[in-house]
Amino acid sequence: MRRALSWLACLIAVALVGAACGGGEEQAEVGVTTTAPVATEAPDPTMEDQPAVMDAPTATEESGVTAEAPATTMEAPALQIATDVGVDLESGVIKVGMLADLTGIFGPVISLVTAGVDAFWKDVNARGGVHGLQVELVYRDTVYSVDNHVQFYEELKDEVVAFGHSTGSPHTVAILEDLAEDGILAIPLTWYSGWSDPAMNSNLLPHGTPYCIEAMNMIGYLSDVAKGNGVAGPTLALATFPGDYGFDSAAGAKIAAETLGLEVVYDGSGKVLPGQDNSAVGIAIAQSGADIVWVAASPTVLAEIYGAALAGGFQAMWAGPPANWNPALVAPNSPLKDALARDYYGPAYFPPYSDDTPGMANVRDVMDRYAPDAPKSTYLVEGFIEGFLMLRTLEIAYAAGDLTQAGVLAAAKSIEELDFDGVAPTERYTGEPNDIVQRTIWIGRADPQALAEGIDVTGIRTIESSYTHPVAADYVFEGACYKLS
């Protein structure tokens with residue numbers, strides 16, 4: 001088995017490194033005249049700015065996140081607009097910081113997210129920006145390093161009015177106190193359940209279903225599938241990263257298991273790490289004989305664990321958060337593609353790129369106009385969601401006559417409800433945590449054919465839309481499922 005594992009690990013590494021490798025720690029600024037870090041065939045996390053010529057839409061064109069051009073009916077702004085950092089009324093520029101993992105372990109995914117963000121703002125800017133002010137995105141590549149994240153936050157906090165993107169749970173946690181002390185807003189690209197707790201998110205504008213509730217939904221769904229296939233008492237195995245992401249996800253899986261009466265036959269919560277040999281975890285999972293396996297890690301670690309279990313002849317239903325996934329896992333040269341198509345279920349926080357809602361049609365229109373070479377990927381949608389959150393915030397701040405950092409933060413916290421016109425489920429930001437926490441996900445299957453045919457280069461085919469399992473629906477949310485120590 002050791003020779004088989006070594007051979008399999010080499011093939012997996014080649015497939016994933018080919019999709020994940022990129023440039024060094026370049027620092028880039030993306031504004032009106034620069035393109036997103038867009039890939040052509042596979043995600044390319046490099047951040048080489050390319051000059052772009054933008055054709056302004058005609059008077060009859062409408063595009064953006066929603067069916068109507070966003071925020072064109074705001075009340076008349078105050079005569080005087082207060083500013084301090086990141087807004088230059090004379091030059092007509094608003095600077096927004098982006099702390100993004102462009103070349104780290106999640107670089108292939110984040111480079112697609114930022115491609116969506118950049119196309120969103122090019123469209124908004126071409127239609128007049130925020131009442132004539134052009135939004136400029138200022139990027140820093142954190143390489144998924146907490147130290148880099150903190151360093152770049154310190155660099156940019158006196159340059160930008162807010163942070164429109166912050167990759168990673170531990171990374172966002174690391175700047176949380178500084179955000180509060182400095183009075184600056186950030187939009188996290190992390191679904192830690194603590195962000196739905198007002199005691200923790202005073203300076204954040206979160207979105208999407210938290211990791212723990214996502215896990216409740218998926219374990220509940222897979223338990224139902226197993227029982228429908230004749231398994232009377234499905235069993236569960238867990239393998240996750242440590243920290244907010246992994247432990248929060250594991251907490252949700254365990255809550256679902258307890259609620260449904262599922263036995264946890266292997267608990268690898270916090271036992272896997274990038275850069276170490278995790279094949280022993282895959283072997284232990286195979287030996288446990290679990291019917292359902294929940295992994296909250298990264299694509300490389302998922303491949304390592306799954307490949308080790310597969311080499312031992314193990315078969316089960318596997319699933320994990322979107323951060324687990326890289327389309328290279330089902331690429332034509334992947335030794336795992338057929339087995340994953342049989343075994344793997346992947347959740348999402350919003351509909352697929354090909355969805356037929358008016359809002360998603362506008363997403364595709366904007367991408368075709370400003371980034372026509374970008375892959376047709378669901379990851380692009382996350383960029384539009386982040387863009388729309390920041391746009392709505394800036395519009396409210398402008399209408400209030402306060403584009404200071406504090407004014408932008410106050411504007412974000414004044415949002416009661418936000419409808420994304422089918423691009424994402426409606427978010428609520430006022431009320432009790434149990435009433436406003438998001439509980440809706442989309443469920444998909446690994447699908448090499450969808451990837452090969454270009455239907456969605458994510459390599460995931462949606463099978464359930466706007467899904468909430470009773471375990472997740474009935475869970476009383478009073479705070480983070482995993483408490484930070």
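Leaving aside its neighbours within four places in sequence, which residues is Ser169 in contact with? In this predicted model, the answer is a set of six named residues: Thr190, Tyr192, Trp195, Tyr211, Asp244 and Tyr245. Ser169 is part of helix α4, and with a relative accessible area of 2% the residue is buried. Its side chain also makes a polar contact with the side chain of Thr190, at a distance of 2.4 Å.

## Cavities inside the model

The structure holds 5 cavities of 30 Å³ or more, and the largest of them encloses about 520 Å³ of space. This largest cavity is lined by 36 residues, of which Val109, Pro322, Ala323, Tyr349 and Tyr379 are the closest to its centre. Several elements supply at least two lining residues each, namely the helices α2 (107-126), α4 (169-182) and α11 (379-399), together with the strands β12 (344-348), β16 (441-446) and β17 (460-467). Among the contributors, β12 gives the largest share of the lining, with 4 residues. When the lining of the largest cavity is sorted by class, 25 residues are nonpolar, 9 are polar and 2 are charged.

The second largest cavity has a volume of about 50 Å³. Its lining is made of His207, Gly208, Tyr349, Phe350, Glu382, Ile385, Phe420, Ala424, Pro425 and Glu427, and these divide into 6 nonpolar, 2 polar and 2 charged residues. Tyr349 therefore deserves a second look, because the residue is named both among those closest to the centre of the largest cavity and in the lining of the second largest one.## Buried residues in helices α10 and α11

Glu382, one of the residues lining the second largest cavity, lies in helix α11 and is buried, with a relative accessible area of 3%. Which side chain is joined to that of Glu382 by a polar contact of 2.7 Å? The partner is the side chain of His207, a residue that also appears in the lining of the second largest cavity. When neighbours within four places in sequence are left aside, Glu382 is in contact with Val113, Leu189, Trp191, His207 and Phe350. Leu189 stands 193 residues from Glu382 along the chain, but the C-alpha atoms of the two are separated by 8.7 Å.

Met367 belongs to helix α10 (residues 358-370) and counts as buried, at 1% relative accessibility. Its contacts, again without the neighbours within four places in sequence, are Ala115, Gly116, Ala119, Tyr353, Pro372, Ala374, Leu380 and Phe384. For Met367 and Ala115, which are 252 residues apart along the chain, the C-alpha atoms are separated by 8.8 Å.

## Thr458 in a loop

Is Thr458 buried or exposed? Although Thr458 is found in the loop between α14 (448-452) and β17, the residue has a relative accessible area of 6% and is buried, because buried means under 20%. The side chain of Thr458 makes a polar contact of 3.3 Å with the side chain of Ser377, and a polar atom of the Thr458 side chain lies 3.2 Å from the backbone nitrogen of Thr378. Not counting residues up to four places away in sequence, Thr458 touches Trp325, Pro327, Ser377, Thr378 and Tyr379. Tyr379 is also one of the residues closest to the centre of the largest cavity.

The side-chain to side-chain polar contacts described in this report are gathered here.

| Residue | Partner | Distance |
|---|---|---|
| Ser169 | Thr190 | 2.4 Å |
| Glu382 | His207 | 2.7 Å |
| Thr458 | Ser377 | 3.3 Å |

## The disulfide

A search of the whole structure finds 1 disulfide, formed by Cys212 and Cys481, whose sulfur atoms are 2.2 Å apart. Cys212 lies in helix α5 (residues 211-228) and Cys481 in the segment after α15 (470-474), so the link ties together parts of the chain that are 269 residues apart in sequence. The link is right-handed, with 40° about the S-S bond, and both Cys212 and Cys481 are buried.

Terms used. Residues are numbered from 1 along each chain as its sequence is written. This is a predicted model: local features need pLDDT of at least 70, side-chain atom pairs count only at pLDDT 80 or more; totals for chains, interfaces and linings use all residues. Side-chain values use heavy atoms; hydrogens and water are left out. On a 1 Å grid over the protein atoms alone, a cavity is a set of points where a 1.4 Å probe fits but cannot get out, and a pocket is an open set with protein on both sides within 12 Å along at least five of seven lines; lining residues have an atom within 4 Å of a point. Grid points are joined across faces, edges and corners, and a volume is the space filled by probe spheres set on the points. Ala, Val, Leu, Ile, Met, Phe, Trp, Tyr, Cys and Pro count as nonpolar, Asp, Glu, Lys and Arg as charged, and the others, Gly among them, as polar. Buried means under 20% relative accessible area, exposed over 50%, partly exposed in between (1.4 Å probe, protein chains only). A polar contact is a pair of N or O atoms within 3.5 Å; within protein, one must be able to donate a hydrogen and the other to accept it, and residues adjacent in sequence count only if both atoms are side-chain atoms. Contact means heavy atoms within 4.5 Å. A disulfide is a pair of cysteine sulfur atoms within 2.5 Å.
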